[in-house]
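Thank you all for making time this morning. I would like to walk you through one model, beginning with a single residue and working outwards from there, so please have the sequence and the view open as I speak.

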Number of protein chains: 2
Amino acid sequence: MNYSTKQRTVVGKVIEDAKRPLTPSEILSKGRKKSLSLGMATVYRALRFLIDEGRAVLVEIPGEPPRYESSGRGHHHHFVCNSCRKVFDLEGCLCHVDALAPSSFRVESHEIILYGSCDHCSGV
Amino acid sequence: MNYSTKQRTVVGKVIEDAKRPLTPSEILSKGRKKSLSLGMATVYRALRFLIDEGRAVLVEIPGEPPRYESSGRGHHHHFVCNSCRKVFDLEGCLCHVDALAPSSFRVESHEIILYGSCDHCSGV
DNA sequence: ACATAATTGATAATGCGTTCTCATTTTTGA
DNA sequence: TCAAAAATGAGAACGCATTATCAATTATGT
């Protein structure tokens, strides 16, 4: 059970090498460059395994398709470029945002998402 | 063009009376209580008009269906209850979160979303 | 190398939210 | 009140991401 295959290795590498969260179809096309005739079903299956093993995490942005990134990047948040639609990792966090909730609410986690133009798109 | 109908009035009232962002199906069921045999297509059409007129705004939460709330509540953010899945408005904002982005990025807006248990669900 | 069990990939099927269709009803302005 | 234009609502159709199917391929342990 749970064989080690070329395809899963490729999907894992694509995610680890990426500097930003990727959509399943981005993972598919990057994986196909690294080699072989990778199928979409295999990408989804590999993602499930990677998440189960804790090697990848789901990154959800409102109005955007689900993306996946390597786990072990620590607590961080994301920047969405309104121009190229890419999602970037941000360093650090202002964790006292939890104080925004009324005291009768119990805060377990938070998300901060910035929107704007990335360096490439705003530099033009 | 653009008639004033009972159905649009009802959808507008449902959104204005709500203390939190509502999904289209929540709007449908609340609208049907207020009266009549409201249809889902009409809800979607009414939402389009309300948004075009600037009376309603779209609220998107990762992994959640789109919700709509009355505009004119000013700048604010949201709390998602992990238990009952309802979305609540939060007062205030820590707008210096924009500083999280690298200086080469141009920040245009931000979202802060807190997750946890609402007063009702955590009180049990 | 072998037998077994898991994986792959192309495609079909699914689920679900949203939009379209169109006959009927309602609003509007004259 | 009347004719024209718009809105309604039930259901069909659509788009799209994800999952299931299944024969063929590949990994695994002995």
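Let me start at Ser117(A), which, once its neighbours within four places in sequence are set aside, is in contact with Phe79(A), Cys81(A), Ser122(A), Phe105(B), Arg106(B) and Glu108(B), where contact means heavy atoms within 4.5 Å. Ser117(A) belongs to strand E5 of chain A, residues 106–117, and with a relative accessible area of 7% it is buried; by that I mean under 20% relative accessible area, with exposed meaning over 50% and partly exposed in between, using a 1.4 Å probe and protein chains only.

Before going further, I should say that this is a predicted model, in which local features need pLDDT of at least 70 and side-chain atom pairs count only at pLDDT 80 or more, while totals for chains, interfaces and linings use all residues. Residues are numbered from 1 along each chain as its sequence is written, chains are lettered from A and ligands numbered from 1 in the order in which they are written, and side-chain values use heavy atoms, with hydrogens and water left out.

Turning to the chain as a whole, chain A has four helices and five strands, arranged along the sequence as α-α-α-β-β-β-β-β-α; helices (H or I, at least four residues) and strands (E, at least two) are DSSP runs, numbered from the N terminus. The C-alpha trace of chain A spans about 50 × 45 × 25 Å along its principal axes, and 41% of its 124 residues count as buried. Among the contacts in chain A with a separation of 6 or more, 49% come from residues 24 or more positions apart.

How are the two protein copies related? A turn of 180° with a shift of 0.0 Å along the axis lays chain A on chain B with an RMSD of 0.0 Å, the superposition being by least squares on the C-alpha atoms of residues with pLDDT of at least 70 in both. The two copies are therefore related as by a two-fold rotation axis. Moreover, 100% of the interface residues of chain A are also interface residues in chain B, so the copies meet through the same surface.

Now to the DNA, and to strand C before strand D. Around DNA strand C there are 22 residues, of which Thr5(A), Ser37(A), Thr42(A), Arg45(A) and Tyr44(B) come nearest; a residue is near a strand if one of its heavy atoms lies within 4 Å of it. Of the atoms of DNA strand C that come within 4 Å of the protein, sugar and phosphate account for 74%.

In detail, a polar side-chain atom of Thr5(A) lies 2.5 Å from a phosphate oxygen of DNA strand C, and one of Arg8(A) lies 3.0 Å from a phosphate oxygen of that strand, whereas for Gln7(A) the partner, at 3.0 Å, is a sugar or linking oxygen. Which element gives the most to the surface near DNA strand C? That is H3(B), with four residues.

For DNA strand D, 23 residues surround the strand, and the closest are Tyr44(A), Thr5(B), Gln7(B), Thr42(B) and Arg45(B). Here sugar and phosphate make up 75% of the strand D atoms that come within 4 Å of the protein. A phosphate oxygen of DNA strand D is 3.1 Å from an N or O atom in the side chain of Arg8(B), and a phosphate oxygen of the strand is 3.0 Å from a polar backbone atom of Ser37(B).

Finally, the charged pairs. Over all chains the structure holds 18 salt bridges, a salt bridge being a side-chain nitrogen of Lys or Arg within 4 Å of a carboxyl oxygen of Asp or Glu. Glu64(B) and Arg67(B) meet in one of these at 2.4 Å, N to O, and both residues are buried. Glu26(B) pairs with Arg20(B), with the closest N and O atoms 3.5 Å apart; in that pair Glu26(B) is partly exposed at 21% relative accessibility, whereas Arg20(B), at 15%, counts as buried. In chain A, Glu16(A), Glu53(A) and Arg55(A) are linked in a network of salt bridges.

Technical notes
A polar contact is a pair of N or O atoms within 3.5 Å; within protein, one must be able to donate a hydrogen and the other to accept it, and residues adjacent in sequence count only if both atoms are side-chain atoms.
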